[in-house]
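These are my notebook entries on one structure. I record what I looked up, entry by entry.

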Amino acid sequence: MRVVVGISGGIAAYKAALAIRELVQAGHDVHVVPTASALRFIGRPTLEALSRNPVTDEVFDDVAAVRHVALGQQADLIVVLPATANTIAKLALGLADDLLGTTILASRAPLVIAPAMHTEMWDQAAVQANVATLRGRGTIVVGPVAGQLTGTDSGMGRMAEPHDVVAAAVAVVAGRIADGPLARRRVVVSAGGTREPIDPVRFLGNRSSGAMGVAVATAARDAGAAVTLVGANLDVAVPDGVELVAVETTAQLAAAMEAHASADVVVMAAAVADYRVADVSDGKRSKEEWGAEPTLQLTENPDILAGLAQRDRTNLVVGFAAETEDDDAALLERGRAKLARKGADLLVLNRVGHETGFGDVGTHIRVLDASGVIAEATGQKASVAREIVDQVAQRLAARTGTIQNH
Ligand code: CTP
């Protein structure tokens, strides 16, 4: 989901870095909005590197994109950590004199704040009244807790641990997505790259990190689906709230997908080895056994996607195709042919090269159905994945509509 992390100017601002990292690792698209004084405690480069998105506290940067409104409108969740006494007061009043203020006012997303201040400040009637006002409007207040404060004193006012703030915030949203576009749907997504053993220590593999499939699983979870991720040798973290079935080989991946073939949506984002080694050796093969010019006998693997698609079914089957074709028309043609050959409902087509397409990088995708290109998207995998899930949800909704009309 899209999370705005607001940071206000207290010493605990450095702890926001941990929360940002945790949210990004869980697959969320994180946009950081610091106040001007927060930037005196923690540097913009740190926030940009961790969130992987540009960071500004300026309302007047990038005005054409109407950033001060867009950030809030597009957010699924806003978390302010730390929330200082000053920021809490501004929120209670509804002030909009900086980017964080405008972002929060322009949003209908749940707001979670993690106050942090000295005990005397926290105990002030003014602060307590402001916190009560915010609570009354539905703001979730996490902490503060008692413990070591800045300097030598300790007491109530320490910010709750970043992990606890993140967990509380994510739980708030989870409770609200029961009406998401994929609510009550089961989605299974394969991700990563399969490995085919040569002997107990060697394998044939590919460079897939699993980032794209994990992004799709995350977007499906955020849309309210119950998601199973069949992960083959993943190089990226598994998002919270997603069931993981870890596999290594193509045969294991095929079995896991078969077990979940009745899901409402089946997505094959894994890079599946087309061939496996015909005679896997029980022991580690020595150079002496290999000889000077060894050959590996390979045998073809089953096409899992085609198997899932070409059966009696009512669910939606989605394939991926990563192609290296430079010519656009030829790329599209390969995509169309692949969609038809596999028998999937949708095919997500993207171009990869030696330097593009793998890991956590920007990407450009097109979604094809039998009629041609129905959607395209450019951006980080998290946002591209949301577009894919939107298309899936629309198609499912249209189908349900058709059945109900009959
Ligand atoms: N796929 C699969 N089983 C295989 C190979 C591929 O399920 N044995 C799936 C992939 O997960 C992906 C889609 O098929 O969703 C396209 O993968 P790709 O490797 O492009 O397909 P291939 O059939 O191997 O086509 P090519 O001839 O271009 O290699």
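**Entry 1: Backbone exceptions**

I began with Arg184, which sits in the loop between α8 (162–176) and β8 (186–192). I worked from a predicted model throughout. The phi of Arg184 is positive, about 65 degrees, although Arg184 is not a glycine. I then asked whether Arg184 is buried or exposed. Its relative accessible area is 74%, and since the cut-off for exposed is over 50%, Arg184 counts as exposed.

I noted Asn233 as well, another residue that is not a glycine and has a positive phi, about 55 degrees. Asn233 is placed in the loop between β11 (226–232) and β12 (243–247).

I also looked up cis peptide bonds. The bond from Leu81 to Pro82 is cis, with omega near -10 degrees, and Pro82 belongs to strand β3 (residues 77–83). The bond from Gly143 to Pro144 is cis too, with omega near 0 degrees; Pro144 lies in the loop between β5 (140–141) and β6 (145–148). I kept these entries because most residues other than glycine have a negative phi, and most peptide bonds are trans.

**Entry 2: The chain as a whole**

I recorded 14 helices and 19 strands in the chain. The C-alpha atoms fill a box of roughly 75 × 65 × 40 Å along the principal axes. Of the 406 residues, 50% are buried. I found an accessible surface of about 19,100 Å², with 51% of it belonging to carbon and sulfur atoms. Among contacts between residues at least 6 apart in sequence, 68% join residues at least 24 apart.

**Entry 3: Nonpolar cores**

Which residues have the most contacts inside the largest nonpolar core? I found Leu182, Val216 and Ile388, in a core of 35 residues. I followed Val216 further: leaving aside residues up to four places away in sequence, Val216 touches Val189, Val267, Phe320, Ala385, Ile388 and Val389. A second, separate core has 33 residues, including Met1, Val5, Ala16 and Ala38. In soluble globular proteins, nonpolar side chains tend to be buried together.

**Entry 4: Charges and salt bridges**

I noted 37 positive and 47 negative charges in the chain, with mean positions 2 Å apart. How many salt bridges does the structure hold? I recorded 17, and I examined several of them.

Lys90 and Asp97 meet through their side chains, at 3.0 Å from N to O. Asp97 is exposed, at 54% relative accessibility.

Arg336 forms a salt bridge with Glu333, with 3.5 Å between the closest N and O atoms. Both residues lie in helix α13 (residues 328–342), 3 residues apart, about one turn of the helix. Arg336 is partly exposed at 37%, and Glu333 is partly exposed at 45%.

Arg399 and Asp345 form a salt bridge at 3.3 Å, N to O. This pair links distant parts of the chain, 54 residues apart: Arg399 is in helix α14 (residues 381–405), and Asp345 is in the loop between α13 and β17 (346–351). Arg399 is partly exposed, with a relative accessible area of 27%. Is Asp345 buried or exposed? At 16% relative accessibility, Asp345 lies under the 20% cut-off, so I entered Asp345 as buried.

My last entry is a network: salt bridges that share partners join Arg2, Asp29 and Arg386.

Conventions. Residues numbered from 1 in each chain as written. Predicted model: local features only at pLDDT ≥ 70, side-chain atom pairs only at ≥ 80, totals over all residues. Heavy atoms only, no water. Salt bridge = Lys/Arg side-chain N within 4 Å of Asp/Glu carboxyl O. Buried < 20%, exposed > 50% of the residue type's maximum accessible area, 1.4 Å probe, protein only. Helix = DSSP H or I, 4+ residues; strand = E, 2+ residues; numbered from the N terminus. Contact = heavy atoms within 4.5 Å. Areas by Shrake-Rupley, 256 points an atom, 1.4 Å probe, with all protein chains shown as cover. Lys, Arg positive; Asp, Glu negative; His and termini not counted. Charge placed at Lys NZ, Arg CZ, Asp CG, Glu CD. Core = buried A, V, L, I, M, F, W, Y, C linked by side-chain atoms within 4.5 Å.
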